[in-house]
Amino acid sequence: MGRKRFHTGGNGITDPNLTPLIDVCLVLVVILLVATPMTLQSGIAVSRAGKGGKSGVEARASRIEITIRDDQNLTVNRTLVPRSGLRAALRPLLASSQTRDVVVQCADGVSHGTFVSVLDEAKVEGAGRIAVIGR
Amino acid sequence: MRRRHAPRQEPITRINVTPIIDVALVLVIILLVTAPMLSVADLPVDLPAAHTREAESQRNVSITLSSGGHVAVDEEVVERASLRAELAERLRKPGNENVLVVVRADAGAPYGAVRELLADARAAGAKRLAIATRQKTETR
């Protein structure tokens with residue numbers, strides 16, 4: 001009777017199995033691709049503008065007021081400014097402002113996108129708190 | 001002296017389920033992690049793009065105003081008239097007293113509708129408000 005030999009060398013699988021690792025990595029990549037647009041949501045914090053009082057008067061004097069009109073033009077501290085000139089108009093005002101508070105009033109017919117673009121430009125130029133005025 | 005025999009190797013005939021278990025576990029973990037971030041209503045909303053990055057990664061209650069005018073609080077679509085009550089109920093829950101309320105409105109929506117949402121949120125007791133934007137990725 002011939003002797004049975006158990007063969008272990010040479011042809012056995014000696015490399016680590018990479019299949020599970022690759023599976024997991026591919027799933028991660030797919031999920032990141034799908035979830036990225038959802039998680040790129042950000043935000044701009046807003047508060048409500050104070051109405052008055054003794055401290056309110058001082059606050060009103062130091063804050064910068066932007067009004068967005070129905071015709072898309074703006075007023076910055078009651079000076080008419082074209083939409084494209086907002087940043088240039090805000091820059092010196094914010095540089096000289098101590099509080100850098102900006103108050104925004106917007107006409108109801110203006111699109112939300114326009115409103116947000118104004119807030120964003122103010123923030124980019126260095127605005128501190130942004131308050132919105134109601135009706 | 002008895003000779004020790006090496007165990008006899010048999011071919012593996014069963015299906016290897018290890019990869020599918022790996023993938024399933026990773027999916028479960030990712031869903032657990034991302035579920036709180038995705039607690040927003042499934043309404044079509046084209047958020048306005050902005051460079052500013054504030055109020056990120058904070059626990060929040062969201063109010064969604066879709067392009068079709070539908071309103072939702074977190075993932076629940078509500079009637080416009082009942083928004084204030086629904087929001088007040090959520091803000092009354094323990095731990096929500098100072099929670100950030102994020103208004104997610106479509107870029108094409110009129111500002112008047114957004115202003116009313118902000119006013120309703122204030123009236124419902126929201127102390128901190130933010131307007132949701134989509135992150136602009138291009139350089140300034």
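**Exercise 1. V114(B) and its neighbours**

Task: Work out whether V114(B) is buried or exposed in this predicted model, and find which residues it touches.

Solution:
- Start with the accessible area. V114(B) has a relative accessible area of 0% and the cut-off for buried is under 20%, so V114(B) is buried.
- Next, place the residue. V114(B) sits in helix α3 of chain B.
- Now list the partners. Leaving out residues up to four places away in sequence, V114(B) touches H112(A), L65(B), V103(B) and A105(B).
- Finally, try a distance. From V114(B) to E75(B) you count 39 residues along the sequence, and the C-alpha atoms are 18 Å apart in space.

**Exercise 2. The aromatic pair**

Task: Find how many aromatic pairs the whole structure holds, and say why the pair of F115(A) and Y111(B) is called stacked, edge-to-face or tilted.

Solution:
- Search first. Over all chains, one aromatic pair turns up.
- Then check the geometry. The ring centres of F115(A) and Y111(B) are 4.4 Å apart, and the planes make an angle of 45 degrees. Stacked needs under 30 degrees and edge-to-face needs over 60, so this pair is tilted.
- Now see where the rings come from. The pair crosses between chains: F115(A) belongs to helix α4 (residues 112–124) of chain A, and Y111(B) to helix α3 (residues 111–123) of chain B.
- Last, look at exposure. F115(A) has 0% relative accessibility, so it counts as buried. Y111(B) is buried as well, with a relative accessible area of 0%.

**Exercise 3. Two positive phi values**

Task: Find where N77(A) and D74(B) are placed, and decide for each whether it is buried, partly exposed or exposed.

Solution:
- Some background helps here. Most residues other than glycine have a negative phi.
- Take N77(A). Its phi is near 50 degrees, a positive value in a residue that isn't glycine. N77(A) lies in the loop between β3 (74–76) and β4 (79–81) of chain A. With a relative accessibility of 34%, N77(A) counts as partly exposed.
- Now D74(B). Here too phi is near 50 degrees, positive in a residue other than glycine. The loop that holds D74(B) runs between β3 (71–73) and β4 (76–78) of chain B. D74(B) has a relative accessible area of 10%, so it is buried.

**Exercise 4. A buried arginine**

Task: Say where R63(A) is placed and which side chain its own side chain contacts.

Solution:
- Locate it. R63(A) is in the loop between α2 (54–62) and β2 (64–68) of chain A.
- Check the exposure. At 10% relative accessibility, R63(A) falls under the 20% cut-off, so it counts as buried.
- Find the partner. The side chains of R63(A) and E65(A) make a polar contact at 3.2 Å.

**Exercise 5. What covers helix α2 of chain B**

Task: Name the buried residues of helix α2 (residues 83–92) of chain B and the elements that cover them.

Solution:
- Pick out the residues. The buried ones are L83(B), E86(B), L87(B), A88(B), R90(B) and L91(B).
- Then look at the cover. Elements of chain B over these residues include β2 (60–65), β3, β4, β5 (100–105) and α3.

**Exercise 6. A nonpolar patch**

Task: Find which residues form the nonpolar surface patch on chain B and how much accessible area they have together.

Solution:
- Collect the members: I15(B), V17(B), I20(B), I21(B) and L25(B).
- Read off the area. Together they have about 530 Å² accessible.
- Place one of them. L25(B) is in helix α1 (residues 18–34) of chain B.

**Exercise 7. The two chains side by side**

Task: Describe how many helices and strands chain A and chain B have, then go through burial, contacts and surface.

Solution:
- Elements: chain A has four helices and six strands, in the order α-β-α-β-β-β-α-β-α-β from the N terminus. Chain B has three helices and six strands, running α-β-β-β-β-α-β-α-β.
- Burial: 36% of the 135 residues in chain A are buried, and 41% of the 140 residues in chain B.
- Contacts: taking residues at least 6 apart in sequence, 66% of the contacts in chain A join residues 24 or more positions apart. For chain B, 70% join residues at least 24 apart.
- Surface: chain A has about 8,500 Å² accessible, with 57% belonging to carbon and sulfur atoms. Chain B exposes about 9,000 Å², and carbon and sulfur atoms supply 55% of that.

Technical notes:
Residues numbered from 1 in each chain as written. Chains lettered and ligands numbered in written order. Predicted model: local features only at pLDDT ≥ 70, side-chain atom pairs only at ≥ 80, totals over all residues. Heavy atoms only, no water. Phe/Tyr/Trp six-rings, centres within 6.5 Å; stacked < 30°, edge-to-face > 60°. Helix = DSSP H or I, 4+ residues; strand = E, 2+ residues; numbered from the N terminus. Buried < 20%, exposed > 50% of the residue type's maximum accessible area, 1.4 Å probe, protein only. Patch = residues over 30% accessible without salt bridge, like charges linked within 9 Å, V, L, I, M, F, W, Y side chains within 5 Å. Areas by Shrake-Rupley, 256 points an atom, 1.4 Å probe, with all protein chains shown as cover. Salt bridge = Lys/Arg side-chain N within 4 Å of Asp/Glu carboxyl O. Contact = heavy atoms within 4.5 Å. Polar contact = N/O pair within 3.5 Å; in protein donor to acceptor, adjacent residues only side chain to side chain.
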